[in-house]
Amino acid sequence: PLPINVDIYNGNVQPFKTLPSKHRKYGRISTDKHTFRFLSVFKWEPRKGYKVLLKAFLSEFTRNDNVQLYLQTYAYEQTEALARDYTLLQRKLNATIAEIVNDAADSSSTLDAA
């Protein structure tokens, strides 16, 4: 486990009443008091199980379910700039989701053929 940096941690900061989201701000998603929100905070590296998390979420819920998954993450990279590169993280997330969806489609077609 990584230690807390006491030089930057501030225990007096008040928590958010709702999770911040630029997608909600710009009307791309909507939430209400019944929306169930999952929050996962981790470093984007295989041992943290992000693929297991995404696969479980995508297999359990559909777009019609009133749930949202928020990821607070940074990339496991050699430099600080790459670790915080939003575009890089978005590409990694999209590639992982595409892989999960393609694997599910392959499994489904294999079952249909049997």
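Phe 36, Phe 38, Phe 57 and Phe 61 form one aromatic cluster. The model in which this cluster appears is a predicted one. Across the whole structure, a search returns six aromatic pairs. One of them joins Trp 44 and Tyr 50. A pair of aromatic rings is described by the distance of the centres and the angle of the planes. For Trp 44 and Tyr 50, the centres are 4.0 Å apart and the planes make an angle of 20 degrees. The pair counts as stacked because planes under 30 degrees apart fall in that class. Both partners are shielded from the surface by the criterion used here: Trp 44 is buried at 5% relative accessibility, and Tyr 50 is buried at 14%.

The charged side chains come next. A search of the whole structure gives three salt bridges. Lys 43, Glu 45 and Arg 47 are linked in a network of such contacts. In this network, Glu 45 takes part in a salt bridge with Lys 43, where the closest N and O atoms are 3.7 Å apart. This counts as a salt bridge because the cut-off for the nitrogen and the carboxyl oxygen is within 4 Å. Glu 45 also meets Arg 47 in a salt bridge, with 3.2 Å from N to O.

The accessibility of the three network members can be read against the cut-offs. Glu 45 has a relative accessible area of 7% and is buried. Lys 43 stands at 18%, and it counts as buried because the limit is under 20%. Arg 47, in contrast, is exposed, with a relative accessible area of 65%. The salt bridge between Glu 45 and Arg 47 therefore pairs a buried residue with an exposed one.

The remaining contact to describe is between Lys 51 and Glu 99, which form a salt bridge with their closest N and O atoms 2.1 Å apart. Lys 51 belongs to helix α2, which covers residues 50-60, while Glu 99 belongs to helix α4, which covers residues 86-113, so this salt bridge ties together parts that are 48 residues apart in sequence. Neither end falls in the buried class: Lys 51 is partly exposed at 33% relative accessibility, and Glu 99 is partly exposed with a relative accessible area of 35%.

Methods: Residues are numbered from 1 along each chain as its sequence is written. This is a predicted model: local features need pLDDT of at least 70, side-chain atom pairs count only at pLDDT 80 or more; totals for chains, interfaces and linings use all residues. Side-chain values use heavy atoms; hydrogens and water are left out. Buried means under 20% relative accessible area, exposed over 50%, partly exposed in between (1.4 Å probe, protein chains only). Helices (H or I, at least four residues) and strands (E, at least two) are DSSP runs, numbered from the N terminus. Rings of Phe, Tyr and Trp (its six-membered ring) pair if their centres lie within 6.5 Å; planes under 30 degrees apart count as stacked, over 60 as edge-to-face and the rest as tilted.
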